[in-house]
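Thank you all for coming. I would like to take a few minutes on a structure that will be new to most of you, so please have a look at it before I begin.

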Amino acid sequence: MLAARAWLTGRVGIGMTIVVHPAGSTRAETDGMRLMDEQSGPAQAYDAPGTRPAPLSPAPRAPVPPGAVPPGPVRPRRGGLLRGLLIVLVLGGAIGALFYYHPWAKTAGRGGPGRYGDVPQAVRTAPAVAGDMPVVLNELGTVTPLATVTVQTQISGYLQQVAFTEGQMVKPGDFLAQIDPRPYQAALETAQGTLAHDQALLAEARIDLARYQKLASQDSIAKQQVDTQAALVKQYEGSVLSDQGTVDTQKTNLIYCHITAPVAGRVGLRQVDQGNYVTPSLTNGLVVITQLQPISVIFTVPEDALPQIMPRLAAGVKLPVTATDRADSHKLAEGVMAVLDNQVDTTTGTVKIRAMFDNTDSALFPNQFVNVQLLVNTIEKTVLVPTAAIQRGVPGTYVFVVKPDDTVSVQTVTIGPGDGTNTAVLKGLSIGEAVVIDGTDRLHEGAKVTVPAATPPGAEAAPPPTHHHRHAAAAQ
């Protein structure tokens, strides 16, 4: 049998012994550990060829004091330190590169040439121009008719005729419906008969009174008989007055049998059909008439707007009002402000306003929601800039003004009203100065900018080269 012992030294200096068993199998063992062959028994080491193997025995260890924990096997740490050092070096290099090439530097010259802070920012500009800026209050209003009348019957009876058509436009006095007048005609004739009877009795009593008064002057009859006859005359006069009232009542009932339109407007849906018995207690009446021309729009304005409105009203100015649809894309009608309410609603802090519209084309419909623009005033000959140029930040309200040397300057301004597209600048900007309207997010005081040339009208961008064109250019 051959025996050999070898010591293998790696990166961490671990000793290893190659053990050859009598059966011919080999096994490696490290310092402080001997491997046992499961088939051949204890391993034996051979120092040289031809020598008899001697059984291997564990190396002696130092005695462990009582109560102490025996030391574990010695583990190398040199590899872990190298790996940690390598990780620290990689992270340090990455952080250094990040701080050297960081993209948020905006000051020119920081970080070396070719960095973002040195590249001029492409922006779009617009000049400040002179113009008029209207002061407009935009509110939400409701179309409210000046008159909405529910036509009710004043008497009871059968509905003989319905003379209107649903949706019809009517004028005051137009015939709408007819109630059976025969009972009221008969009652009128009865009242007139009673009146005639009492009038005859009154006439007779007056003749007798005159005769008695003459006899009393001749002392032919007693004065008591004259007084009694005078009282009878008064009684008949009262009966005649009562009968006359009854006659007038029946005449009025006959008039009520013929129902007419009380106002001009559009007739709504019919609430009662012909042939029904109607009474004055109907809940919905016979029909509803709504006045459409003219028509009003009621809207509210904040109480803070009153200082702008009141001086104009005191000067007798008719403030224009425009009504648009709910999408605020189509103008419906133009009118004027008519009435300002007499108090502020404490729950909302607003004041109601009624605006009047002719509505000749019936563009405004009752109870319709509309957008209302109330023109309070007009600021004439002021500086106007696009609303996109107005910036807000630490300096307050400001704009970026492009200087002749292609740098920008932060210029604080005092703004006025706007119309969504332009904003009036009351202070801080002159007519003709160029302000940045696009690309302001990366600008700062003194930053370099470039303004791309405007595309000529009708010019189109060249299409990107195709695959065939690229290869042809490469061949050339």
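**One helix and two aromatic pairs**

Let me start where a helix has just ended: α2 is followed by Asp219, and the phi of Asp219 is positive, near 60 degrees. I should say at once that what you see is a predicted model.

Going back into the helix itself, α2 runs over residues 182–217, which makes 36 residues, and at 1.5 Å a residue these should span 52 Å; the end C-alpha atoms are 53 Å apart, which agrees. Which residues of α2 are buried? They are Tyr184, Leu188, Ala191, Leu195, Asp198, Leu202, Ala205, Asp208, Leu209 and Tyr212. As you follow that list, please keep in mind that an α-helix has 3.6 residues a turn, so residues three or four places apart point the same way. Part of what covers the buried residues of α2 is α3, residues 223–256.

Now to the aromatic rings, where the structure holds two pairs. In one of them, Tyr158 and Tyr277 meet edge-to-face, at 5.1 Å centre to centre and with 75 degrees between the planes. This pair links distant parts of the chain, since Tyr158 sits in strand β9 (residues 157–162) and Tyr277 in strand β14 (residues 277–278), 119 residues apart. Is Tyr277 buried or partly exposed? With a relative accessible area of 46%, Tyr277 is partly exposed.

The other pair is formed by Tyr398 and Phe400, again edge-to-face, with 5.5 Å centre to centre and 90 degrees between the planes, and here both Tyr398 and Phe400 are buried.

Note on methods. Residues numbered from 1 in each chain as written. Predicted model: local features only at pLDDT ≥ 70, side-chain atom pairs only at ≥ 80, totals over all residues. Heavy atoms only, no water. Helix = DSSP H or I, 4+ residues; strand = E, 2+ residues; numbered from the N terminus. Expected span 1.5 Å × (residues − 1). Buried < 20%, exposed > 50% of the residue type's maximum accessible area, 1.4 Å probe, protein only. Contact = heavy atoms within 4.5 Å. Phe/Tyr/Trp six-rings, centres within 6.5 Å; stacked < 30°, edge-to-face > 60°.
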